Amino acid sequence: MSKIFVSIAAYRDPELLPTLRDLINNCQEPENLHICVGWQHSEEDTWDNLTEFIRDDRFTILDIHHKDSKGVCWVRNKIQDYYNGEDYYFQLDSHHRFSKNWDRTLKDYVSYLQVKGHKKPIVSAYIPGYFPENDPEGRVQEVWGLNIMRFLPEGAVFLQPFHKDQWRELKEPFKTRFVSGHFIFTIGKFVKEVPYDPHFYFHGEETSLSARAFTHGYDLFAPHRPIVWHEYTRNGKQRHWDDHESYNNLDKASYARFRKLFEMDVVACTPCQRKSLEGFGFGTERTLEDYEKYAGLKFKTRQIHRETLENQLPPIISNYESGLANKIKYCINVYKGSLTETDYDSMAVAFLDENSQDLYRQDITGDEIKALMNANPEDRFIQIWKEYESDKQPVSWRVWPHSASKGWMDRIEEKISYE
């Protein structure tokens with residue numbers, strides 16, 4: 001009769017009510033749920049009504065006007081204040097669907113992993129998707145892993161899911177490098193040992209939580225069967241950054257906190273700065289270096305191990321140092337108004353070091369320029385994505401268009417911000 005503390009962060013979401021109903025209806029022991037909803041709502045959304053759950057003893061509803069919200073990590077931290085010693089912790093978003101007896105399945109996973117010697121297992125992943133307009137028929141019947149795509153220029157890790165090949169042949173949950181913010185199932189004391197950092201906004205949330213959990217002795221696993229589904233598209237639905245002009249400042253502060261936590265800034269953190277991370281730092285059962293060697297990452301140099309890039313499961317089995325690579329992936333935004341000619345036949349695209357010397361250059365053709373200009377007529381910018389490997393982070397980029405009739409035109413250059 002073990003109890004589950006369910007954390008649900010909801011922001012002006014029409015899927016919240018269907019999610020709560022499906023969560024309860026497909027639970028084998030719904031009487032053993034304590035569901036805490038961070039209900040960030042607006043009076044404009046007349047459909048956003050939790051009357052049917054307000055008097056339900058299993059529910060704790062945090063009534064938060066959406067204008068007072070400081071973001072998803074902030075509200076997840078608020079939710080954890082209401083943890084009351086439950087045996088398990090289950091973290092979700094507010095747009096999910098559930099398989100029958102999901103609670104029994106997830107408890108069994110944790111128990112099985114503990115018997116295998118993992119005292120503190122976490123089951124987490126970017127789970128497969130569903131579509132509200134076509135549910136349950138449209139549910140994706142796959143298993144996904146979660147991995148790094150690249151380091152962002154600001155320092156944070158950009159994550160992406162990958163399809164787990166031959167997943168039907170798997171007999172048990174498989175090891176993973178990262179946890180997902182929208183699906184975490186683990187033992188209840190996780191809430192006290194690895195509390196949610198309210199100072200993160202969006203980017204950096206999951207990587208910091210993964211490393212912190214690992215250093216507190218938690219072992220990271222992904223489910224080997226579809227159990228819960230997540231809505232990814234959310235077309236036409238409000239996000240926090242749609243309503244808050246301050247989101248850009250919150251993002252910048254979050255990036256800075258990530259770099260401070262992982263000591264990625266050029267200038268070392270002072271004791272005063274480190275003190276601000278107290279309670280939300282790393283554990284003592286393992287070191288950050290242990291996590292880096294497990295996951296195949298090196299934060300200070302923003303390097304990724306080749307095994308990690310190839311989606312091989314952790315831990316790293318080949319030489320750690322020699323396998324590290326610098327993967328640079330960046331989107332150059334060029335203002336269309338600066339491209340005034342109609343007969344461009346090529347464009348030099350380069351990333352530069354501090355001496356304005358090329359670190360990487362790859363030209364694009366006239367046809368590619370036309371395609372970029374026409375990709376989104378309403379956008380005032382074209383987006384040029386480039387990916388390459390280098391031992392040095394670029395300081396700036398340069399775009400140099402060539403006109404068939406006028407030759408080389410003015411160069412367009414811009415510094416790359418890492419803050």
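**Exercise 1. Find which ring the charged end of Arg411 sits over, and how far it is from the centre.**

Solution. The charged end of Arg411 sits over the ring of Trp400, 4.0 Å from its centre. The criterion: NZ of Lys or CZ of Arg within 6 Å of the ring centre and within 35 degrees of the ring normal. Arg139 also places its charged end over a ring, that of Trp229, at 4.9 Å from the centre.

This is a predicted model, where local features need pLDDT of at least 70, side-chain atom pairs count only at pLDDT 80 or more, and totals for chains, interfaces and linings use all residues. Residues are numbered from 1 along each chain as its sequence is written, and side-chain values use heavy atoms, with hydrogens and water left out.

**Exercise 2. Identify the salt-bridge partner of Arg139 and classify both residues by burial.**

Solution.
1. Set the cut-off. A salt bridge is a side-chain nitrogen of Lys or Arg within 4 Å of a carboxyl oxygen of Asp or Glu.
2. Find the partner. Arg139 bridges to Asp135, with the closest N and O atoms 2.7 Å apart.
3. Classify. Buried means under 20% relative accessible area, exposed over 50%, partly exposed in between (1.4 Å probe, protein chains only). Arg139 is buried at 16%, whereas Asp135 is partly exposed at 23%.

**Exercise 3. Which parts of the chain does the salt bridge between Arg257 and Asp197 tie together?**

Solution.
1. Check the distance. The closest N and O atoms of Arg257 and Asp197 are 2.7 Å apart.
2. Locate the ends. Arg257 lies in helix α8, and Asp197 in the loop between α5 (190–193) and α6 (205–215), so the pair ties together parts 60 residues apart in sequence. Helices (H or I, at least four residues) and strands (E, at least two) are DSSP runs, numbered from the N terminus.
3. Check burial. Arg257 and Asp197 are both buried.
4. Widen the view. The structure holds 27 salt bridges. Among them is Glu231 with Lys237, at 2.9 Å from N to O. Glu231 is buried at 2%, and Lys237 counts as buried at 16%. Bridges with shared partners also join Arg12, Glu44, Asp45 and Asp243 into one network.

**Exercise 4. Classify the geometry of the aromatic pair Phe98 and Trp102.**

Solution.
1. Apply the rule. Rings of Phe, Tyr and Trp (its six-membered ring) pair if their centres lie within 6.5 Å; planes under 30 degrees apart are stacked, over 60 edge-to-face, the rest tilted.
2. Count. There are 25 aromatic pairs in the structure.
3. Read the pair. Phe98 and Trp102 are 5.8 Å apart, centre to centre, with 45 degrees between the planes, and the pair is tilted.
4. Add burial. Phe98 is buried at 2% relative accessible area, and Trp102 at 0%.
5. Extend. Ring pairs link Phe98 and Trp102 with Tyr88, Phe90, Phe183 and Phe185 into a cluster.

**Exercise 5. Why is there no bond between the sulfurs of Cys36 and Cys73?**

Solution.
1. Set the cut-off. A disulfide is a pair of cysteine sulfur atoms within 2.5 Å.
2. Compare. The closest cysteine sulfur to that of Cys36 is in Cys73, 16 Å away, which is too far for a bond.
3. Conclude. A search of the whole structure finds zero disulfides.
4. Note the burial. Cys36 is buried at 0% relative accessible area, and Cys73 is buried at 1%.
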